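Student: I am new to this structure and should be grateful for a close look at a single part of it. Would you please choose one element, describe it residue by residue, and then relate it to the rest of the protein?

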Amino acid sequence: MSPVPCTYGRSPQVTTINSRPAGTRVAIYCRVSTDEQAKSGYSIADQKRELLQHAEREGYEVVETIVDDGYSGASRERPGLDRILELAETGEMELAIATKRDRWFRSRLYRLMLDEDLAEL
């Protein structure tokens with residue numbers, strides 16, 4: 001059974017998938033930090049496939065697929081996260097989705113900081 005994708009929008013809290021209407025512009029975010037993760041069902045290809053299927057079911061418009069391959073969830077310094085913030089700042093996307101919350105960050109504090117950054121846009 002696939003996990004429900006975790007979403008980030010322009011609000012300071014994680015939103016539920018069902019709260020966004022069809023046509024919502026989304027960015028897909030995928031991350032693996034180790035080869036072991038990739039082998040155990042967290043591969044970039046698996047994440048992309050699951051998120052694209054979810055976006056299609058919900059009627060979302062995928063504006064970009066962003067990948068941080070080999071970056072730790074413990075770090076805030078990732079080009080993919082920077083790109084998510086750019087897309088949100090310019091209004092090119094309304095929502096970013098990932099397969100699990102830990103794809104964003106391992107640390108709750110870092111997730112809260114991302115929420116605040118997005119809320120300030």
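Tutor: On the side of helix 2 opposite its buried residues, Glu 56 and Arg 57 are exposed. Here buried means under 20% relative accessible area, exposed means over 50%, and partly exposed lies in between (1.4 Å probe, protein chains only). The model is predicted, so local features need pLDDT of at least 70 and side-chain atom pairs count only at pLDDT 80 or more, while totals for chains, interfaces and linings use all residues. Residues are numbered from 1 along each chain as its sequence is written, and side-chain values use heavy atoms, with hydrogens and water left out.

Helix 2 itself contains 15 residues, and from its first C-alpha to its last it reaches 21 Å, close to the 21 Å expected at 1.5 Å a residue. That expected span is 1.5 Å times one less than the number of residues in the helix. Helices (H or I, at least four residues) and strands (E, at least two) are DSSP runs, numbered from the N terminus.

The buried residues of the helix are Ile 44, Gln 47, Glu 50, Leu 51, His 54 and Ala 55. Viewed down the axis of helix 2, these residues fall within an arc of 140°, so they line one face of the helix. The arc is that of the directions from the helix axis to the C-beta atoms. An α-helix has 3.6 residues a turn, so residues three or four places apart point the same way.

Helix 2 also holds a salt bridge, which is a side-chain nitrogen of Lys or Arg within 4 Å of a carboxyl oxygen of Asp or Glu. The side chains of Asp 46 and Arg 49 form this pair, at 2.4 Å from N to O. Both residues lie in helix 2 (residues 44-58), 3 residues apart, about one turn of the helix. Asp 46 is partly exposed at 27% relative accessibility, and Arg 49 is partly exposed at 44%. Just after the helix, Gly 59 takes a positive phi of about 80°.

Beyond this element, the protein has 4 helices and 4 strands, which run β-β-α-α-β-α-β-α from the N terminus on. The count of salt bridges comes to 5. One of them joins the side chains of Arg 25 and Glu 94 at 3.5 Å, N to O. Arg 25 lies in strand 2 (residues 25-32) and Glu 94 in the loop between helix 3 (79-90) and strand 4 (95-98), so the pair ties together parts that are 69 residues apart in sequence. Each partner is partly exposed: Arg 25 has a relative accessible area of 28%, and Glu 94 has 28% relative accessibility.

Another salt bridge links the side chains of Arg 83 and Glu 64 at 2.9 Å, N to O. Arg 83 belongs to helix 3 and Glu 64 to strand 3 (residues 61-69), so this pair ties together parts that are 19 residues apart in sequence. Arg 83 is partly exposed at 25% relative accessibility, as is Glu 64 at 23%. Salt bridges that share partners join Glu 64, Arg 83 and Glu 86 into one network.

Of the 121 residues of the protein as a whole, 39% count as buried.
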